[in-house]
Amino acid sequence: MVLAKQQERFKFCVELSRMLDSQELIVYGDEASFNCWMRSKRTWSTKEEPVKVVLNEKRNSGITVYGAIGAAMERPLFKQFKTTNKEDFLSFLTEIRGTLPEQYKDRTIKLVLDNHKSHGTLIARNYCQLNN
């Protein structure tokens, strides 16, 4: 099991290296969820455009912050949603292309994501296939 995981990671690294060498358009995305009791001292953002984390007033509710970065993006993309579900993830995906300069708008985007359940949903995969 451990060897299989190591081989899988190695294969991913080789493919990522190939994409970088080919100057493919790579965007890295991730999300973080915050509950109403958390206090944010540091966030993943630039000093020029800090992320404003708004904490909910209701107990037992939270927010999810989605972020995307890439060498070709004009600026990082950060968006807040109430959940980490497939609909909110799809809303986030629809905004990524808008952060690209005009010369990249028609190029295929290679998204690098973790294994969150919402990333592999049929709605997300269909959107990526139709819009890439």
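## Contacts and overall architecture

Among the contacts in the chain with a separation of 6 or more, 59% are accounted for by residues 24 or more positions apart. The model examined here is a predicted one.

The chain contains three helices and four strands. Read from the N terminus, these elements follow the order α-β-β-β-α-β-α.

## Burial and surface

The chain has 132 residues, and 27% of them count as buried. The area that the chain exposes is about 9,800 Å². Carbon and sulfur atoms supply 53% of that exposed area.

## The environment of threonine 99

Threonine 99 lies in a loop, with helix 2 (86-96) on one side in the sequence and strand 4 (109-112) on the other. Its relative accessibility is 1%, and threonine 99 is therefore classed as buried, the cut-off for that class being under 20%.

When residues up to four places away in sequence are left out of the count, the residues touched by threonine 99 are Met73, Glu74, Arg75 and Leu77. This loop residue is thus described both by its burial and by its contacts with the residues just named.

## Cysteines and disulfides

A disulfide is a covalent bond that joins the sulfur atoms of two cysteines. A search covering the whole structure returns zero disulfides.

Accessibility values are available for cysteine 13 and cysteine 128. Cysteine 13 has a relative accessibility of 44% and so counts as partly exposed. For cysteine 128 the value is 27%, which means that cysteine 128 also counts as partly exposed. The partly exposed class applies because such values fall between the limits of under 20% for buried and over 50% for exposed.

## The largest pocket

Empty space is revealed by rolling a probe the size of a water molecule over the atoms. The largest pocket holds about 410 Å³ of space. Its lining consists of 13 residues, of which Glu8, Phe12, Val112, Leu113 and Asn115 are the closest to the centre of the pocket.

Helix 1 (2-21) and strand 4 each contribute at least two residues to this lining. The largest share comes from helix 1, with seven residues. Sorted by class, the lining of the largest pocket comprises six nonpolar residues, six charged residues and one polar residue.

Methods
Residues are numbered from 1 along each chain as its sequence is written. This is a predicted model: local features need pLDDT of at least 70, side-chain atom pairs count only at pLDDT 80 or more; totals for chains, interfaces and linings use all residues. Side-chain values use heavy atoms; hydrogens and water are left out. Buried means under 20% relative accessible area, exposed over 50%, partly exposed in between (1.4 Å probe, protein chains only). Contact means heavy atoms within 4.5 Å. Accessible areas come from the Shrake-Rupley method with a 1.4 Å probe; for residues, only the protein chains shown count as cover. A disulfide is a pair of cysteine sulfur atoms within 2.5 Å. On a 1 Å grid over the protein atoms alone, a cavity is a set of points where a 1.4 Å probe fits but cannot get out, and a pocket is an open set with protein on both sides within 12 Å along at least five of seven lines; lining residues have an atom within 4 Å of a point. Grid points are joined across faces, edges and corners, and a volume is the space filled by probe spheres set on the points. Ala, Val, Leu, Ile, Met, Phe, Trp, Tyr, Cys and Pro count as nonpolar, Asp, Glu, Lys and Arg as charged, and the others, Gly among them, as polar.
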